[in-house]
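Student: Could you walk me through this model at the level of strands and side chains? I would like to see the reasoning behind each answer.

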Amino acid sequence: MGGGTGCDRDDAPLVAVVNASAQRLDDLWVRTEEDSVRVPTLAPGASAEVRPRVRGATRLSVAGTFAGRRVVSDERDYVERSGGYRFRAVVDSSGRITLRFVRMDFR
């Protein structure tokens, strides 16, 4: 993945998605202006990490379906291709998605 895009996997931002609701989540996506990465199905209480491809600077968001309705994170955080950005997105019991910058992971 990303071999032809000029973006190494280690350069891509890491987004941890947490299902804090009591419902199974089947249709969540982490999005940038250039890419969308599907989040694996999450059982209640489960989490997964995904790495969207980023070229330059862009905005990051999380969107999907919760209880039959469309949901999108309130926040759209800024992210760059390099720099080791780490984010955490939490889906709560009402379907609200909170996306927060966690830290820079310098190597």
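Tutor: Gladly; we will go from the overall fold to the core and then to single side chains. This is a predicted model, in which local features need pLDDT of at least 70, side-chain atom pairs count only at pLDDT 80 or more, and totals for chains, interfaces and linings use all residues. Residues are numbered from 1 along each chain as its sequence is written, and side-chain values use heavy atoms, with hydrogens and water left out.

Student: Thanks! How many helices and strands are there in the protein?

Tutor: Helices (H or I, at least four residues) and strands (E, at least two) are DSSP runs, numbered from the N terminus. Read from that end, the elements run β-β-β-β-β-β-β-β-β. The count is therefore 0 helices and 9 strands.

Student: What share of the residues in the protein is buried?

Tutor: Buried means under 20% relative accessible area, exposed over 50%, and partly exposed in between (1.4 Å probe, protein chains only). The protein has 107 residues, and the buried share of them is 43%.

Student: Which residues have the most contacts inside the largest nonpolar core?

Tutor: A nonpolar core is a set of buried Ala, Val, Leu, Ile, Met, Phe, Trp, Tyr and Cys residues joined through side-chain atoms within 4.5 Å. The largest one has 22 residues, and its most contacted members are Val17, Val30 and Val39.

Student: And which strand gives the largest share of this core?

Tutor: Several strands supply at least two residues each, including strand 1 (14–19), strand 5 (57–66) and strand 9 (97–104). Strand 8 is mostly covered, with 5 of its 7 residues buried. The largest share, 4 residues, comes from strand 8.

Student: Which residue in strand 8 is the bridge partner of Val15?

Tutor: Two strands pair if DSSP finds at least two bridges between them. Strand 1 and strand 8 pair in the parallel sense, over 6 bridges. In strand 8, the partner of Val15 is Phe87.

Student: Is Phe87 buried or exposed?

Tutor: The value to look at is its relative accessibility, which is 3%. With the cut-off for buried at under 20%, Phe87 counts as buried.

Student: Which residues form one aromatic cluster?

Tutor: Rings of Phe, Tyr and Trp (its six-membered ring) pair if their centres lie within 6.5 Å; planes under 30 degrees apart count as stacked, over 60 as edge-to-face and the rest as tilted. Tyr85 and Phe101 have ring centres 6.1 Å apart and planes at 70°, so they are edge-to-face. Phe87 and Phe101 are also edge-to-face, at 5.8 Å centre to centre and 75° between the planes. The cluster is made of Tyr85, Phe87 and Phe101.

Student: Why does the pair of Phe87 and Phe101 tie together parts that are apart in sequence?

Tutor: The two rings sit in separate elements: Phe87 lies in strand 8 and Phe101 in strand 9. The pair therefore ties together parts whose separation in sequence is 14 residues.

Student: Last one: the backbone oxygen of which residue does the side chain of Arg38 reach?

Tutor: Arg38 is found in strand 3 and counts as partly exposed, at 43% relative accessibility. Contact means heavy atoms within 4.5 Å, and beyond its neighbours within four places in sequence Arg38 is in contact with Asp26, Asp27, Leu28, Trp29 and Val50. At 2.5 Å, the backbone oxygen reached by its side chain is that of Asp26.

How values were computed. Polar contact = N/O pair within 3.5 Å; in protein donor to acceptor, adjacent residues only side chain to side chain.
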